[in-house]
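Work through the exercises below with the sequence and the model open. Each task is followed by a stepwise solution.

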Amino acid sequence: MSSEDGWPDAPGDTALTIRIPEADALVRAPFPAHITVLYPFLPAARITPEVHAELSSLFADRDPFDLTFAEFRRYPGVLYLPPTPEEPLRTLTKSLRERWPEAVPYRGVFGPDGLDPHSRWRTTRAPRRTRPRTTRWSGN
């Protein structure tokens with residue numbers, strides 16, 4: 001099974017993401033604007049009340065942080081916005097991986113650490129004008 005863009009999604013895949021509702025209207029994709037923290041996470045069948053409780057605890061231990069999206073970049077065939085700073089996202093992913101080591105980012109296709117944090121867009125060109133955007137994440 002694969003997603004619309006050819007990514008090898010598997011039945012029951014889950015993802016941990018940070019939504020960016022301020023950017024939903026700008027993203028041309030069949031999913032809301034977000035940054036992936038860990039994909040794939042656990043299969044849907046393994047998401048139990050205990051896993052929810054562990055995730056809630058892990059997120060609650062984090063301080064809120066601001067992310068700024070100031071420039072477009074490209075991976076082959078993908079337009080994206082990198083957040084700054086990246087460190088809070090990398091730390092969050094690392095904490096999740098320490099607890100659930102079987103959740104390998106992008107199934108290891110891009111190495112053990114996955115891709116750099118980014119917000120993916122489904123357009124083929126960057127808009128002519130862009131302005132820096134900041135969003136606040138809170139684990140509560």
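**Exercise 1.** In which helix is the place of Thr93? Decide also whether Thr93 is buried or exposed, and list its contacts outside the local sequence.

Solution. The model is a predicted one.
- Step 1: Thr93 lies in helix α2.
- Step 2: The relative accessibility of Thr93 is 16%. Buried means under 20%, so Thr93 counts as buried.
- Step 3: Once neighbours within four places in sequence are set aside, Thr93 is in contact with Val37 and Leu38.

**Exercise 2.** Describe how helix α1 and helix α2 cross, and which residues meet there.

Solution. Two packed helices are described by the angle between their axes and the distance between the axes.
- Step 1: Helix α1 covers residues 49-60 and helix α2 covers residues 87-99.
- Step 2: Their axes come within 11 Å and cross at roughly 145°.
- Step 3: The crossing of α1 past α2 is right-handed.
- Step 4: On the α1 side, the residues are Glu54, Leu55, Leu58 and Phe59. They meet Leu92, Ser95, Leu96 and Arg99 of α2.
- Step 5: Sorted by class, this contact has 5 nonpolar, 1 polar and 2 charged residues.

**Exercise 3.** Give the strand order of the open sheet of 3 strands, and say which are its edge strands.

Solution.
- Step 1: The order is β4-β5-β7, and the pairing is antiparallel.
- Step 2: β4 (73-75) and β7 (119-121) are the edge strands, since each pairs on one side only.
- Step 3: From one strand to the next, the twist averages 40°.
- Step 4: Between β4 and strand β5 (residues 78-81) there are 3 bridges, in the antiparallel sense.
- Step 5: Opposite Arg74 stands Leu79 in β5.

**Exercise 4.** Where does the pLDDT stay under 50, and which elements have the lowest and the highest mean pLDDT?

Solution.
- Step 1: For the protein chain, the mean pLDDT is 84, with 81% of residues reaching 70 or more.
- Step 2: Among the elements of the chain, α1 has the highest mean pLDDT, 97. The lowest, 56, belongs to strand β8 (residues 133-137).
- Step 3: Over residues 1-6 the pLDDT stays under 50. The model has 12 contacts for this stretch beyond four places in sequence.
- Step 4: Residues 125-130 also have pLDDT below 50. Beyond near neighbours in sequence, that stretch has 8 contacts in the model.

Technical notes. Residues are numbered from 1 along each chain as its sequence is written. This is a predicted model: local features need pLDDT of at least 70, side-chain atom pairs count only at pLDDT 80 or more; totals for chains, interfaces and linings use all residues. Side-chain values use heavy atoms; hydrogens and water are left out. Axes are lines fitted to C-alpha atoms, for helices over the stretch in contact, and angles run from 0 to 180 degrees between N-to-C directions. Helices (H or I, at least four residues) and strands (E, at least two) are DSSP runs, numbered from the N terminus. A crossing is left-handed if the near helix is turned anticlockwise from the far one by less than a right angle, and right-handed if clockwise. Contact means heavy atoms within 4.5 Å. Ala, Val, Leu, Ile, Met, Phe, Trp, Tyr, Cys and Pro count as nonpolar, Asp, Glu, Lys and Arg as charged, and the others, Gly among them, as polar. pLDDT is the predictor's confidence in each residue, from 0 to 100. Two strands pair if DSSP finds at least two bridges between them. Buried means under 20% relative accessible area, exposed over 50%, partly exposed in between (1.4 Å probe, protein chains only).
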